[in-house]
4 protein chains.
Amino acid sequence: MHAASDDAVAGLRAVGREFHARGWSLGTSSNYSVVLSRDPLELLITASGKDKSALGPDDFVRVDASGQLIDPAAAGGRKSSAETLLHCLIAGQIPAVGAVLHTHSVWATILSRAGLPKGEQVRSLQITGYEMLKGLEGIATHQSSADVPIFANSQDMTELSDRIRAVFTAANWSDDRRPPLHGFLLSGHGLYTWGRTLAEARRHIEIFEFLFEVTARQRMLPSA
Amino acid sequence: MHAASDDAVAGLRAVGREFHARGWSLGTSSNYSVVLSRDPLELLITASGKDKSALGPDDFVRVDASGQLIDPAAAGGRKSSAETLLHCLIAGQIPAVGAVLHTHSVWATILSRAGLPKGEQVRSLQITGYEMLKGLEGIATHQSSADVPIFANSQDMTELSDRIRAVFTAANWSDDRRPPLHGFLLSGHGLYTWGRTLAEARRHIEIFEFLFEVTARQRMLPSA
Amino acid sequence: MHAASDDAVAGLRAVGREFHARGWSLGTSSNYSVVLSRDPLELLITASGKDKSALGPDDFVRVDASGQLIDPAAAGGRKSSAETLLHCLIAGQIPAVGAVLHTHSVWATILSRAGLPKGEQVRSLQITGYEMLKGLEGIATHQSSADVPIFANSQDMTELSDRIRAVFTAANWSDDRRPPLHGFLLSGHGLYTWGRTLAEARRHIEIFEFLFEVTARQRMLPSA
Amino acid sequence: MHAASDDAVAGLRAVGREFHARGWSLGTSSNYSVVLSRDPLELLITASGKDKSALGPDDFVRVDASGQLIDPAAAGGRKSSAETLLHCLIAGQIPAVGAVLHTHSVWATILSRAGLPKGEQVRSLQITGYEMLKGLEGIATHQSSADVPIFANSQDMTELSDRIRAVFTAANWSDDRRPPLHGFLLSGHGLYTWGRTLAEARRHIEIFEFLFEVTARQRMLPSA
């Protein structure tokens, strides 16, 4: 692989160690990707079923815009993450995306379930009034609102991406005045977020996790 | 001892350090074992009363299918864990088991008490709807349900194993379509889980701990 | 820069690493300053938009009493933190202040919101009865009360400092018998605290964080 | 100092680092002692006002049974902890005590306040039904009960020790069948515990902290 790819591997391995330690990527859950090229779209993504606390240099594969392995021989039998299609969808739909991170924290999980009663297909979690919102790119005041869509979970990635694509398509990504959209939740499952760089995506995870914990604990606090 | 045994010792010492740091094996609580051979059944198990944050190379003994020390001279006065019989029961009843881990976390403890009102002898905790369930071997969708039996605690290991054996015997372990059973709780006490390898058993602990925390916090969260 | 400045940089970098690890300074939130001189007032303060977990030796600038860069050429394009005016206000109003620390923790955030209903401009959080209060300089008994003002958050630093100045001016800082005032909260935002030295300001953060967590959890605990 | 004293210093410094990291000894709170000799009674105890995360080799003093410095010249101006009298009381009253540890955790603090309504002078927290109770010396079954006295806090150490002495005197320490007493709480303040060795006292802190967290969270969990 070339240097960009080596950097991406090193960056994602560090993310895995950190996120496992912080309880956001336990077991073999979670998957991460970095955009290696845009034309044509090429992603470096975690291989399926790897322990995120100990990602090795070979625990990644390269996929194209449709999620197919670019170099099956080099993959040596490794498969891309089962949720590869969602990474491709996000990177394909949002022009500036350089990295996509997907995590499974306790607070994201319980908020996503509380926010989407059984049988409903989509809702959104509104977070407003917190200074920490400014950690999300493009938000300049605590009076802004982060509107995090919650989608019903599914094991059928095609069906699930279709539902998510519908929401993405409705957004005009070249309009600077559109409300910022930096992530979504899958109910009972976890968070997808992204950024122009891996560092920005990592910061968005950190900010969202803070906002989820604050939102959930605020609900638990009786008024004084 | 032979190489397999050395590997098992190294693996269990690492588990002890990690689980103590994560709050799952405080004080001298917890006990861990690895299956060294199947025919006849031989387990390497933590000796009684050891601090799990600092297990030494000699803090283990070998026992047979009935929990008796295999080489009392080599044990040098060390006794096997008081709960050895439960390890033998699990390894003896479930053909594929390669390691058994027993931990005492806060969330497992409070859920196990809430799930088993005083005087009752057995119940089960149903966990369903979480993507993280897929971290348990053989579960392929969040729509599966983990059914974790909760047994009343006891200091009489013979009486306790009899109650647990009754549940195990009812399961047909060679039937691939049986619902997965990867662990059980002792009320006010903790979790037993297992896996085909030590790595799998460790992952099951991590997944169960996540699911217990999520289940308990979900109950604590007022609806929005 | 001179030696005092080098020490301040080293001290603030260590504070950033520690506070990020403890969850009090996530993303690019938080800002810290040390008083370099009093006559005229000169502060060393974190530059705007830096990741607090990895502050470099150049991630600081020097400002005067009005928050203006002292040596714009040396700053090399770096700007002082957006909240510089608040640091200047605190250091200017309170004679003994040697360091000012501003953090964003979960517990501070939820208590500050619960304590200041929408539309109100100022309130205070009363904390009394805890031995740990004695960790705040000048408090000698658990029967004292820490009275932490909560101000409505704002992105307009001039307007916000005016409101805070009104509270500060009312205090007679040369009167040893005045009730101790070591910090204030911005609603939905975080904590400002200070000390005669950086070590004392760091201890005040640690003590306040403990008191906030205890106060919030006490409210969540049903009476036995 | 002699070798026993050097070992005690090393042991208490390690305890300080660990307990600060676990949130039990923040700021300059907490104090620890080890019994150096019994006849006459001599304690090595933390000096007053030291940061427990960074205890130096000189941050200790030696005191006699009445809490007086044994070698004021060697103390070089350091004073013994303000709560020295309580350490002397515990070591003097309980024959087997080799170490006394006092900590200030969040869970101990809120349980101690909830357990002692304002104006009352003494109560006790009953903890029963948890396997982890067996981590307290002399407890062999989860059906035992740990009975932790809660005393109203005071800044007057003489008055406070008198109240505690009354409870201690009522216990017959040479009767093996007396209910185990391994610690007490000061309301809104923290935990005192002890052990025959420093290792045992440290284990008792760890066990009590687990039991306090479990007790408090159990109260917070709605029944399923």
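**Exercise 1.** Among contacts in chain A between residues at least 6 apart in sequence, what percentage join residues at least 24 apart?

*Solution.* The model is predicted: local features need pLDDT of at least 70, side-chain atom pairs count only at pLDDT 80 or more, and totals for chains, interfaces and linings use all residues. Residues are numbered from 1 along each chain as its sequence is written, chains are lettered from A and ligands numbered from 1 in the order in which they are written, and side-chain values use heavy atoms, leaving out hydrogens and water.

Step 1. A contact means heavy atoms within 4.5 Å.
Step 2. Among contacts in chain A between residues at least 6 apart in sequence, the share joining residues at least 24 apart is 62%.

**Exercise 2.** Describe the fold and compactness of chain A.

*Solution.*
Step 1. Chain A has six helices and eight strands, taken as DSSP runs numbered from the N terminus (helices: H or I, at least four residues; strands: E, at least two).
Step 2. Along the sequence the order is α-β-β-β-α-α-β-α-β-β-α-β-β-α.
Step 3. The radius of gyration of chain A is 17 Å, close to the 17 Å that the globule rule gives for 224 residues, so chain A is as compact as a globular protein of that length. The radius is taken over C-alpha atoms, and the rule is 2.2 Å times the number of residues to the power 0.38.
Step 4. Of the 224 residues of chain A, 58% count as buried; buried means under 20% relative accessible area, exposed over 50%, and partly exposed in between (1.4 Å probe, protein chains only).

**Exercise 3.** Analyse the salt bridges of E18(B).

*Solution.*
Step 1. A salt bridge is a side-chain nitrogen of Lys or Arg within 4 Å of a carboxyl oxygen of Asp or Glu.
Step 2. R22(B) bridges to E18(B) with the closest N and O atoms 2.5 Å apart; R22(B) is partly exposed, because its relative accessibility is 26%.
Step 3. R202(B) also pairs with E18(B), at 2.8 Å from N to O. This pair links distant parts of the chain, 184 residues apart: R202(B) lies in helix 6 (residues 198-220) of chain B and E18(B) in helix 1 (residues 3-21) of chain B.
Step 4. R202(B) is buried, because its relative accessible area is 16%.

**Exercise 4.** Which rotation superposes chain D on chain C?

*Solution.*
Step 1. Copies are superposed by least squares on the C-alpha atoms of residues with pLDDT of at least 70 in both.
Step 2. A rotation of 90° with 0.1 Å of shift along its axis superposes chain D on chain C, with RMSD 0.0 Å. The two copies are therefore related as by a four-fold rotation axis.
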